[in-house]
Amino acid sequence: MSRYGLLAVFADPEVLVEAARGMRERGYRRMDAFSPFPMKELNEVLAIPKTRLPWAVLAGGIAGAALVYALIWYSVEIDYAINVGGRPLHSWPPFVVIAFEGGILGAAFAGFLGVLAANGLPRYYHPVFNAESFTYAGGGRFYLLIEATDPKYRKGITKGQLTRLGAEIVEEVEA
């Protein structure tokens, strides 16, 4: 079996952040962290890029509103044009309300699909699941994964650095 990397277990979130910062300063770039709650400090340390999800939601909302408005316009003007009481066929005020609802629906779909795509979901398997120490049964632990594909990765050296940075357990992860 091939090696995926090393998984270090930490008891405290502050120690995890400092360990990640220390490994970053030593030149490691292919790292990931696992925590039972979100930690904004890790986003900076791991150099996680800002999300483009708000732009996807905006595009989905605009597309949904435009599509619904075009559908209403086509239905009333072209497909089934009935002049009721001498009113104009293209009376936009009532169309805007339904187009707004279509925009909300489009934004919701774009947000849902964008979150799935941004997180690489659905992912049913990750090599870190092979690690014995990576379990929810233990609870309350914080993990730092150094991938074997990192140019600075050397099994013994990397393991020693993680131990010196406060790791309770350092375990090899099989791919």
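## Close-up views of a predicted model

**Figure 1. A salt bridge within helix H1.** Arg-21 and Glu-18 are both residues of helix H1 and stand three residues apart, about one turn of the helix. In this predicted model, their side chains are joined by a salt bridge with an N to O distance of 2.8 Å. Arg-21 is partly exposed, its relative accessibility being 29%. Glu-18 is likewise assigned to the partly exposed class, with a relative accessible area of 46%. The structure contains four salt bridges, and further examples appear in the next view.

**Figure 2. A salt-bridge network centred on shared partners: Arg-3, Lys-155 and Glu-172.** Arg-3 pairs with Glu-172 in a salt bridge whose closest N and O atoms are 3.3 Å apart. This contact links distant parts of the chain, with Arg-3 in strand S1 and Glu-172 in strand S4 (residues 169-174), 169 residues apart. The side chain of Glu-172 also meets that of Lys-155 in a salt bridge (2.8 Å, N to O). This second pair again links distant parts of the chain: Lys-155 belongs to helix H5 (residues 155-164) and Glu-172 to strand S4, with their positions 17 residues apart in the numbering. Through shared partners, the salt bridges join Arg-3, Lys-155 and Glu-172 into one network. Each member can be described by its accessibility. Arg-3 is partly exposed at 42% relative accessibility, Lys-155 is partly exposed with a relative accessible area of 40%, and Glu-172 is partly exposed with a relative accessible area of 26%.

**Figure 3. Buried and exposed residues of helix H5.** Thr-158, Gln-161 and Leu-162 are buried in H5. Viewed down the axis of H5, the buried residues fall within an arc of 100 degrees, so they line one face of the helix. Gly-156 and Arg-164, on the other side of H5, are exposed. Lys-155, which lies in H5, is partly exposed, with a relative accessible area of 40%.

**Figure 4. A negative patch on the surface.** Asp-12, Glu-14, Glu-41, Glu-44 and Glu-168 together form a negative surface patch. Asp-12 is located in the loop between strand S1 (3-10) and helix H1 (13-25). With a relative accessible area of 39%, Asp-12 is partly exposed. Patch membership requires over 30% relative accessible area and no salt bridge, and the value of 39% for Asp-12 can be read against that cut-off.

**Figure 5. A nonpolar patch on the surface that includes residues of helix H3.** The patch is formed by Trp-55, Leu-58 and Ile-62, which together have about 380 Å² of accessible area. Ile-62 lies in helix H3 (residues 53-79), and Leu-58 is also found in helix H3. Ile-62 counts as exposed at 53% relative accessibility, whereas Leu-58 counts as partly exposed at 45%. The boundary between these two classes is 50% relative accessible area. Leu-58 and Asn-119 are 61 residues apart along the chain, and their C-alpha atoms are separated by 19 Å.

**Figure 6. The cis peptide bond between Leu-121 and Pro-122.** The peptide bond leading from Leu-121 to Pro-122 is cis, and its omega is near 0 degrees. Pro-122 is situated in the loop between helix H4 (92-118) and strand S3 (142-147).

**Figure 7. A positive phi angle at Ala-47.** Ala-47 has a phi near 55 degrees, a positive value in a residue other than glycine. This residue is placed in the loop between helix H2 (40-45) and H3. Ala-47 counts as exposed, with 51% relative accessibility.

**Figure 8. Thr-149 and Arg-30, separated in sequence.** Thr-149 occupies a position in the loop between S3 and H5. At 54% relative accessibility, this residue counts as exposed. Thr-149 and Arg-30 are 119 residues apart in sequence, and the distance between their C-alpha atoms is 7.2 Å.

Notes
Residues are numbered from 1 along each chain as its sequence is written. This is a predicted model: local features need pLDDT of at least 70, side-chain atom pairs count only at pLDDT 80 or more; totals for chains, interfaces and linings use all residues. Side-chain values use heavy atoms; hydrogens and water are left out. Patches are made of residues with over 30% relative accessible area and no salt bridge: like charges are joined within 9 Å, nonpolar side chains (Val, Leu, Ile, Met, Phe, Trp, Tyr) within 5 Å. Accessible areas come from the Shrake-Rupley method with a 1.4 Å probe; for residues, only the protein chains shown count as cover. Lys and Arg count as positive and Asp and Glu as negative; His and the chain ends are not counted. The place of a charge is taken as NZ of Lys, CZ of Arg, CG of Asp or CD of Glu. Helices (H or I, at least four residues) and strands (E, at least two) are DSSP runs, numbered from the N terminus. Buried means under 20% relative accessible area, exposed over 50%, partly exposed in between (1.4 Å probe, protein chains only). The arc is that of the directions from the helix axis to the C-beta atoms.
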